[in-house]
Amino acid sequence: MALLDILKAGNPVLKNKSVPVERVDKSLKKLLDDMAETMYANDGVGLAAPQIGKNICVVVIDCQDDHGLLEMINPVITFKEGEVVDTEGCLSVPDIYGEVSRAAKVKVKYTNRRGKIQNLTATGLLARCIQHELDHLEGQLFIDIAQSVHRGNQG
Ligand SMILES: [Zn+2]
């Protein structure tokens, strides 16, 4: 496995819309491994492929809950409910935090590394993280939609 460089806000790759993955092959599985390693090494709870310079629809998430590591290929939110405002940060926007409104509950459909379609219902931090990472695939950063931003430690 290998640590990948994380692009920072201002890099145009972060603003591009990502394209769906056509085939789950060996190189994609290696990318998933490297993305997870990079996320853990940076104490992140999620990482999207554009953040490591690839405009493809792939995200990894680990909110340290019962779901463990989630590897989502071509994820699509199929249902949203409720609204909750909470603080977010992003590995591509170091030392900046913001208050962001998100759906309280989402359902997401994605392909896993075995090529199987999965459906997941999420609430709480995981729901927020899924919406944040999927925004990356649309070229959107949380600072683009935050109600307010501030510098310094979260909370
Ligand atoms: Zn982010």
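# A chat about Gln 131, a zinc site and the fold around them

Guide: Gln 131 counts as buried, at 5% relative accessibility. The model is a predicted one.

Visitor: Where is Gln 131 found?

Guide: Gln 131 sits in helix H2, which covers residues 124-137.

Visitor: And what does Gln 131 touch, not counting residues up to four places away in sequence?

Guide: With those left out, Gln 131 touches Ile 77, Lys 80, Arg 102, Ala 103 and Val 106.

Visitor: Which backbone oxygen lies 3.0 Å from a polar atom of the Gln 131 side chain?

Guide: That of Ala 127. The distance from this backbone oxygen to the polar side-chain atom of Gln 131 is 3.0 Å.

Visitor: Next topic, the metal. Which residues coordinate the zinc ion?

Guide: Cys 90 coordinates the zinc ion through SG, and His 132 and His 136 do so through NE2, at 2.0 to 2.2 Å.

Visitor: How are the donor residues spaced in sequence?

Guide: The spacing is C-x41-H-x3-H. Cys 90 lies in strand S4, residues 84-90, while His 132 is in helix H2, so this pair ties together parts that are 42 residues apart in sequence.

Visitor: Is Cys 90 buried or exposed?

Guide: Cys 90 has 12% relative accessibility, so it counts as buried.

Visitor: And His 132, buried or exposed?

Guide: His 132 is buried, its relative accessible area being 6%.

Visitor: Let's step back. How many helices and strands are in the protein chain?

Guide: The protein chain has 3 helices and 8 strands. Its radius of gyration is 14 Å, close to the 15 Å that the globule rule gives for 155 residues, so the chain is as compact as a globular protein of that length.

Visitor: In what order do the elements run? What comes from the N terminus on?

Guide: From the N terminus on, the order is α-β-β-β-β-β-β-β-α-α-β.

Visitor: What does the C-alpha trace span along its principal axes?

Guide: About 40 × 30 × 25 Å.

Visitor: What percentage of the residues count as buried?

Guide: 43% of the 155 residues of the protein chain do. The accessible surface of the chain comes to about 8,100 Å², and 47% of that belongs to carbon and sulfur atoms.

Visitor: What about contacts between residues at least 6 apart in sequence, how many join residues at least 24 apart?

Guide: 66% of those contacts in the protein chain do.

Visitor: Now helix H1. How many residues has H1, and what does it reach?

Guide: Helix H1 runs over residues 26-41 and has 16 residues. From its first C-alpha to its last it reaches 23 Å, close to the 22 Å expected at 1.5 Å a residue.

Visitor: Which H1 residues are buried?

Guide: The buried ones in H1 are Leu 28, Leu 31, Leu 32, Asp 34, Met 35, Ala 36, Thr 38 and Met 39.

Visitor: What do the buried residues of H1 pack against?

Guide: They pack against three strands: S1 (46-48), S2 (58-61) and S3 (70-81).

Visitor: Why might residues three or four places apart in a helix point the same way?

Guide: An α-helix has 3.6 residues a turn, so residues at those spacings point the same way.

Visitor: And Ala 41, where does it lie?

Guide: Ala 41 lies in helix H1. Ala 41 is partly exposed, with a relative accessible area of 47%. The C-alpha atoms of Ala 41 and Leu 31 are separated by 15 Å, the two residues being 10 residues apart along the chain.

Visitor: What does Asp 43 do just after H1?

Guide: Asp 43 takes a positive phi of about 55 degrees there, although it is not a glycine. Most residues other than glycine have a negative phi. Asp 43 is placed in the loop between H1 and S1, and is exposed with a relative accessible area of 72%.

Visitor: What about the phi of Asp 95?

Guide: Asp 95 is not a glycine either, and has a positive phi of about 65 degrees. Its place is in strand S5, residues 93-102. Asp 95 is exposed, with 52% relative accessible area.

Visitor: Last one: where is Pro 20?

Guide: Pro 20 is in the segment before H1 and is exposed, with a relative accessible area of 55%. Not counting residues up to four places away in sequence, Pro 20 touches Cys 57 and Asn 74.

Definitions and conventions
Residues numbered from 1 in each chain as written. Predicted model: local features only at pLDDT ≥ 70, side-chain atom pairs only at ≥ 80, totals over all residues. Heavy atoms only, no water. Helix = DSSP H or I, 4+ residues; strand = E, 2+ residues; numbered from the N terminus. Buried < 20%, exposed > 50% of the residue type's maximum accessible area, 1.4 Å probe, protein only. Polar contact = N/O pair within 3.5 Å; in protein donor to acceptor, adjacent residues only side chain to side chain. Contact = heavy atoms within 4.5 Å. Expected span 1.5 Å × (residues − 1). Rg over C-alpha atoms; globule rule 2.2 N^0.38 Å. Areas by Shrake-Rupley, 256 points an atom, 1.4 Å probe, with all protein chains shown as cover. Donors = N, O, S within 2.8 Å, 3.2 Å for Na, K, Ca; no water.
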